[in-house]
Amino acid sequence: MYFGMMLRQNSDRDINEVNWRPWSELPSDLLDVILRQLRMMDHLSFSGVCGSWRASALASKKDKIAVQPPFLVSLSAQVKGRLFFYDIFEGRKFKTDFPNLADKFCCGFCCGYLMMEDRNAQNGLWLVNPFTRQEIQFPAPPERIHHAVITSLAPSDTSIVALSADYENLLFCRPDYVNWIVLPVPSKSWVYLDLTIFKKKIYALTSQGKVWEVNPNSNFPLTPVAVKRVPYLDYMGLGRRFGFLRPTLHLVASEEELLMVNLIPHEKPQVFKLDFKMKQWIKIECLGDKVIFLSDVNCGVVGNSDRWGGCSNSIYSINLFANLCIAVSMDGHWVGSCRFPGRYFVGGLPSSSPYWFFLSECYNIDAVFDSQ
């Protein structure tokens, strides 16, 4: 009888081994059924499991993104290594922990990666994907940075361009570099105000609305794109808010256009689009169903506002000191405001200014191999 039990157990194990399949081989129809039941944050986590799951998530991302505005993101200073997401339209809150990043400072978010800084380490800058937990390390920058953009996530060509905290330099680096390349502002009377990536090219905005294409590896790293003065535009593009010097001009990239936004409290917003042929800014009066989201470290444009409850033809900006997100229409009227949780949500004062988490960027995460 004992032999019969052993035989039956071995037979069951053989059957299980024959029927066993890795998670990456689940049928695509079943993956689609699962995806339809997931909220946005779970949808993003799903896309980081393996290559086949990622392919299914990418196939359905268009419908998900079309009805989802960006989240506000902040890193707690009290609960070390804890990242918070907040949906200002539905009041939903999410959190995730990064124990190995507890001693680092969050200095931005770009292309689906957190940018973490550790001034006491030789490799003092980390790019961390919040879903796959992949990390890319860079040498410590020579000075404090305000925010940065990632120019490529290809393993052989990963690079980063950062704006210094004093707005006087652009900093460029790759993981295999020992030192950063520093690009000073073209004129001592100007400052860098913003930088972004548009159609796989880097653009920097300086005083007076001047735009430059940035190519750090070229003999001429800054190529002027738009240098004509914009009428009725503040010369410097800097203003003081609560005693701090902050840009009032922002460079915003959408899928089709490169925009410049001039947002000064209690004044009508100004939005311009860049005419690359004429090499000049053209003022626009209406955004249609689109909404512009602004923060100190990143900006973006989201359409289909009627599908996710936003106010079309408006600009949403963050007032950190009042824990408010304020919406202003293009004609200058106050549309509304939403208070985000602030210190009570992040477990103490945030270690960095809240910034926008654009879901379309999060799908730029590197492919995950099935063996991982």
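This is a guided tour of a predicted protein model, stop by stop, with a selection to make at each one.

**The whole chain**

Start with everything shown as a cartoon. The protein chain has 7 helices and 27 strands. Of its 372 residues, 51% are buried. Switch to a surface view: the exposed area of the protein chain is about 18,900 Å², and carbon and sulfur atoms supply 53% of that. Contacts can also be sorted by how far apart the residues are in sequence. Among those between residues at least 6 apart, 48% join residues at least 24 apart.

**Confidence**

Next, colour the chain by pLDDT. The average for the protein chain is 75, and 70% of the residues score at least 70. Select residues 240–244, where the pLDDT is below 50; in the model this stretch has 10 contacts beyond near neighbours in sequence. Then select residues 365–372, where the pLDDT is also below 50; here there are 19 contacts beyond near neighbours in sequence.

**Helix 3 and S47**

Select residues 40–47, which make up helix 3, and find S47 in it. S47 has a relative accessible area of 1%, so it counts as buried. Add A57 to the selection. A57 and S47 are 10 residues apart in sequence, and their C-alpha atoms are 5.4 Å apart in space.

**Strand 6 and its partners**

Move to residues 125–128, which form strand 6. In a regular strand, side chains alternate between the two faces of the sheet. Show the side chains of strand 6: L125 and L127 lie on one side, W126 and V128 on the other. Are these four residues buried or exposed? L125, W126, L127 and V128 are all buried, and both faces of the strand are covered.

Now add strand 5, residues 113–117; it runs antiparallel to strand 6 and is joined to it by 4 bridges. Within this pairing, E117 stands opposite L125. Add strand 7, residues 135–138, which is also antiparallel to strand 6 and joined to it by 4 bridges. Which residue in strand 7 is the bridge partner of L127? That partner is I136.

**The sheet of strands 8 to 11**

Select strands 8, 9, 10 and 11. These 4 strands form an open sheet in the order 8-9-10-11, with antiparallel pairing. Strand 8 (145–152) and strand 11 are the edges; each has a single partner strand, so one side of each has no neighbour in the sheet. Look along the sheet to see its twist: neighbouring strands are turned by 20° against each other on average, direction ignored.

Within this sheet, pick out strand 10, residues 169–173, which is joined to strand 11 by 4 bridges and runs antiparallel to it. One residue pair to label there is L171 and its bridge partner V182 in strand 11.

Then go to strand 9, residues 159–164, and select S159. S159 has 5% relative accessibility and therefore counts as buried. What does S159 touch, leaving out residues up to four places away in sequence? Its contacts are F138, V149, I150, T151, S152, F172, C173 and R174.

**The sheet of strands 12 to 15**

Select strands 12, 13, 14 and 15. They make an open sheet of 4 strands in the order 12-13-14-15, and the pairing is antiparallel. At the edges are strand 12 and strand 15 (222–226), each of which pairs on one side only. From one strand to the next, the twist averages 30°.

Zoom in on strand 13, residues 201–206: 5 bridges join it to strand 14, and the two run antiparallel. L205 has V211 of strand 14 as its bridge partner.

**Aromatic rings**

Finish by showing the rings. The structure holds 9 aromatic pairs. One of them is W190 with W212: the ring centres are 6.1 Å apart and the planes stand at 50°, so this pair is tilted. The two residues are 22 apart in the chain, with W190 in the loop between strand 11 (181–184) and strand 12 (192–198), and W212 in strand 14 (residues 210–214). W190 is buried, at 17% relative accessible area. W212 is also buried, at 10%.

As a last selection, take F71, F85 and F357, which form one aromatic cluster.

How values were computed:
Residues are numbered from 1 along each chain as its sequence is written. This is a predicted model: local features need pLDDT of at least 70, side-chain atom pairs count only at pLDDT 80 or more; totals for chains, interfaces and linings use all residues. Side-chain values use heavy atoms; hydrogens and water are left out. Buried means under 20% relative accessible area, exposed over 50%, partly exposed in between (1.4 Å probe, protein chains only). Contact means heavy atoms within 4.5 Å. Accessible areas come from the Shrake-Rupley method with a 1.4 Å probe; for residues, only the protein chains shown count as cover. Rings of Phe, Tyr and Trp (its six-membered ring) pair if their centres lie within 6.5 Å; planes under 30 degrees apart count as stacked, over 60 as edge-to-face and the rest as tilted. Two strands pair if DSSP finds at least two bridges between them. pLDDT is the predictor's confidence in each residue, from 0 to 100. Axes are lines fitted to C-alpha atoms, for helices over the stretch in contact, and angles run from 0 to 180 degrees between N-to-C directions.
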